[in-house]
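These are my notes on a single chain, kept in the order in which I looked things up. I began with charges over rings and then moved on to ring pairs, a buried acid and one strand.

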Amino acid sequence: IKYNTTQPFDDIDSWDVFNLGLIPPYVVGFQGALYHNGFVYYVPYFIEKNDPGSFVLRYDTSLDFRDFSAWKGVGHWGAYEDGIVVGDYLYFSPHLDKKNERHTIPLRYDTTKHFDEITSWTGVKLGLNASYIGAAYDGKKIYYAPWEDDDQEGSSIMVYDTEKSFFAKSAWDFISISNQGYSDAGFNGTHIVFAPCWCAANPTIIESSKIMFLNVDTQEVSF
């Protein structure tokens, strides 16, 4: 769905809808979108039981919203929730793998390369059983918001140093916290601010209903 911000919000003609079901196999669910240099990238989330994986869907904003040629998809990936744009790279926040299991595999796309070439995409298996939703950038490091972790009672903020290789073990750090259930993050100049998500259907994460702050200089966590 697309809204023309130059037109009245309550005018039906200000809105446009395109049915992705018309261009299979891209009929999957998405969770978030990223923009870079004239393209909108839809973050893949939902994977059917028998699907080989998900697709990152890209829309070329220079073309009409309902133009079939404006849309292109690349896969097969796991399930991701939101992400962040840093320079010429798109970083996708890992949530589930292709089998809908909680395996942490951060995904990165190099926008200087062709969208549909496999070498343009990089996934890193970190050997964790944790899910993340969203990320924030402080000018050097990317901080992934922890949603749930099968390896511990709490969870860990996942941190990637963008000045190091995506594959380097030393590029990744983890800050353990007692809570879980965060669903995105932002940077206010001094702290990474994590948005809490408490769901009434899942009372086990009620203690995670507090906004969390991470001081990027001291790495101190506060609520």
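**Entry 1. Charges over rings.** I looked first at Arg108 and found its charged end over the ring of Tyr89, 4.2 Å from the ring centre. The model is a predicted one, and I read this placement as a computed value. I then turned to Arg58, which lies over the face of Phe39 at 4.0 Å from the centre of that ring.

**Entry 2. Ring pairs.** I asked how many aromatic pairs the count gives. The count comes to 28 aromatic pairs. I took up Tyr3 and Trp15, whose ring centres are 4.7 Å apart; their planes meet at 25°, so I record the pair as stacked. The cut-off that decides this is a plane angle under 30 degrees. This pair links distant parts of the chain, with Tyr3 in strand β1 (residues 2-3) and Trp15 in strand β2 (residues 15-16), 12 residues apart. I noted the accessibility of both partners: Tyr3 is partly exposed at 26% relative accessibility, and Trp15 is partly exposed at 32%.

I next examined Trp77 and Trp121, which form a tilted aromatic pair with 5.1 Å from centre to centre and 35° between the planes. Here too the pair links distant parts of the chain: Trp77 belongs to strand β6 (residues 71-77) and Trp121 to strand β10 (residues 121-123), 44 residues apart. Are these two tryptophans, Trp77 and Trp121, buried or exposed? I found both Trp77 and Trp121 to be buried.

I followed the ring pairs further and obtained a cluster made up of Phe39, Tyr41, Trp77, Tyr80, Phe92, Tyr109, Phe115 and Trp121. Phe39, the ring under Arg58, is thus listed in this cluster.

**Entry 3. Asp82.** I located Asp82 in strand β7 (residues 79-86). Asp82 is buried yet has no salt bridge. Which side chain of opposite charge is nearest to Asp82? I found that it is Arg102, 16 Å away. I then listed the contacts of Asp82, leaving aside neighbours within four places in sequence; among them are Gln31, Gly32, Val43, Tyr91, Phe92, Gly134 and Asp184.

**Entry 4. Tyr42.** I placed Tyr42 in strand β4 (residues 39-44). Residues up to four places away in sequence not being counted, Tyr42 touches Phe30, Gly32, Ala33, Phe55, Val56, Leu57, Tyr59, Phe65 and Trp71. I also checked the separation of Tyr42 from Pro106: 64 residues in sequence and 16 Å in space, C-alpha to C-alpha.

**Entry 5. Strand β13.** I counted 7 of the 7 residues of strand β13 (residues 155-161) as buried, so the strand is largely enclosed by the rest of the structure. I recalled that side chains in a regular strand alternate between the two faces of the sheet. In β13, Ser155, Ile157, Val159 and Asp161 point one way, while Ser156, Met158 and Tyr160 point the other way, and all are buried.

I then traced the pairing of β13. Strand β12 (residues 141-149) runs antiparallel to β13 and is joined to it by 4 bridges. A hairpin of 5 residues connects β12 to β13. In this pairing, I found Lys141 opposite Asp161 of β13. With strand β14 (residues 172-177), β13 pairs in the antiparallel sense over 6 bridges. What is the bridge partner of Ile157 in β14? I identified it as Ile175.

Definitions and conventions
Residues numbered from 1 in each chain as written. Predicted model: local features only at pLDDT ≥ 70, side-chain atom pairs only at ≥ 80, totals over all residues. Heavy atoms only, no water. Phe/Tyr/Trp six-rings, centres within 6.5 Å; stacked < 30°, edge-to-face > 60°. Helix = DSSP H or I, 4+ residues; strand = E, 2+ residues; numbered from the N terminus. Buried < 20%, exposed > 50% of the residue type's maximum accessible area, 1.4 Å probe, protein only. Lys NZ or Arg CZ within 6 Å of the ring centre and 35° of its normal. Lys, Arg positive; Asp, Glu negative; His and termini not counted. Salt bridge = Lys/Arg side-chain N within 4 Å of Asp/Glu carboxyl O. Contact = heavy atoms within 4.5 Å. Pairing = 2+ DSSP bridges.
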